[in-house]
Amino acid sequence: SRKDMLQRMNAKLSESIPLLREKFFVQLIRDSRTDRLSTEKRIDFLDLRLPYDAPYCALIVRIDNPRAIFDTMTEQNTQLISFAIQNICQEIVDARASGSVFEHQRGEYVLLVALPETEGEDVIFPLASELMASLNDFLKRMAKEISLTIGIGAAVANLGKMADSYQMAAEAIERKLFLGKNQVITFDVMAAQ
């Protein structure tokens with residue numbers, strides 16, 4: 001019956017929520033023309049705790065040579081390390097601010113951080129430094145020679161402008177060639193040079 005079919009489809013839809021969330025995050029960092037109404041509807045549907053009208057900041061954690069590293073590993077280990085990196089990132093975001101973490105592409109993890117009212121942007125650099133220390137610690141324990149770079153974008157006024165912050169974080173990372181690996185690079189530092 002039609003009712004059975006709808007129930008089946010709704011069950012399938014619920015199962016695919018994690019995937020739809022990821023799709024939504026990717027759209028947020030790629031498309032700077034997201035309108036408020038549709039964004040808020042999707043946040044609601046995907047059951048995300050991301051207020052639209054808060055200042056946000058994008059951080060990118062990028063493994064410096066993901067292909068060289070992941071190609072030598074089993075898929076199981078690749079997935080395991082990716083999963084662990086995302087978990088560490090999420091824990092630190094939850095402890096210091098709030099927001100979401102996702103894998104954007106192989107070896108690139110994006111943090112969408114809602115800035116706390118009290119500290120604002122001041123929370124970001126300590127968060128990134130703690131992130132770098134925890135991730136390096138984890139990778140050492142895994143006995144993996146993996147170096148990371150963390151790029152920080154400037155704060156933007158709301159969730160709809162996330163793509164701008166992401167772009168800045170990505171540019172900061174692109175310019176790390178001048179600075180060497182295992183760095184936390186902020187856009188502001190780069191711009192000042």
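Accessible areas here come from the Shrake-Rupley method with a 1.4 Å probe. With that in hand, let's walk through the structure, which is a predicted model. The accessible surface of the protein adds up to about 10800 Å², and carbon and sulfur atoms own 51% of it.

Start with the overall build. The protein has eight helices and five strands. Read from the N terminus, the elements go α-α-α-β-α-α-β-β-α-β-α-β-α. Laid along its principal axes, the C-alpha trace spans about 60 × 40 × 25 Å. How does the radius of gyration sit with that of a compact globule? For 193 residues, such a globule would come out near 16 Å, and the protein's 18 Å agrees with that.

Now for the packing. Of the 193 residues, 47% are buried. If you take the contacts between residues at least 6 apart in sequence, 67% of them join residues at least 24 apart.

For a look at one buried spot, find Ser165, which sits in helix H7, residues 162-174. Its relative accessible area is 0%, and buried means under 20%, so Ser165 counts as buried. Which residues does Ser165 touch, leaving aside those up to four places away in sequence? They are Cys57, Ala58, Gly153, Ala154 and Val156.

Next, turn to the largest pocket, which holds about 460 Å³ of space. It is lined by 19 residues, and the closest to its centre are Arg21, Gln90, Gly99, Ser100 and Val101. Which elements give two or more residues to this lining? They are helix H2 (17-30), helix H5 (75-96) and strand S2 (98-105). By character, the lining residues split into eight nonpolar, six polar and five charged.

Arg21, one of the residues closest to the pocket centre, belongs to helix H2. Is Arg21 buried, exposed or partly exposed? With a relative accessible area of 27%, Arg21 falls between the 20% and 50% cut-offs, so it is partly exposed. Setting aside residues up to four places away in sequence, Arg21 touches Leu46, Asp47 and Leu48. To get a sense of distance, compare Arg21 with Ala97: they are 76 residues apart in sequence, and their C-alpha atoms are 20 Å apart in space.

Helix H2 also holds Pro18. This proline has a relative accessible area of 53%, and exposed means over 50%, so Pro18 counts as exposed. From Pro18 to Ser82 you cover 64 residues in sequence and 16 Å in space, C-alpha to C-alpha.

Finally, follow the contact from Arg21 to Asp47. Asp47 is found in the loop between helix H3 (36-45) and strand S1 (56-63). At 58% relative accessibility, Asp47 is over the 50% mark and therefore exposed. Its backbone is worth a look too. Most residues other than glycine have a negative phi. Asp47 is not a glycine, yet its phi is positive, at about 55 degrees.

Notes:
Residues are numbered from 1 along each chain as its sequence is written. This is a predicted model: local features need pLDDT of at least 70, side-chain atom pairs count only at pLDDT 80 or more; totals for chains, interfaces and linings use all residues. Side-chain values use heavy atoms; hydrogens and water are left out. On a 1 Å grid over the protein atoms alone, a cavity is a set of points where a 1.4 Å probe fits but cannot get out, and a pocket is an open set with protein on both sides within 12 Å along at least five of seven lines; lining residues have an atom within 4 Å of a point. Grid points are joined across faces, edges and corners, and a volume is the space filled by probe spheres set on the points. Helices (H or I, at least four residues) and strands (E, at least two) are DSSP runs, numbered from the N terminus. Ala, Val, Leu, Ile, Met, Phe, Trp, Tyr, Cys and Pro count as nonpolar, Asp, Glu, Lys and Arg as charged, and the others, Gly among them, as polar. The radius of gyration is taken over C-alpha atoms; the globule rule is 2.2 Å times the number of residues to the power 0.38. Buried means under 20% relative accessible area, exposed over 50%, partly exposed in between (1.4 Å probe, protein chains only). Contact means heavy atoms within 4.5 Å.
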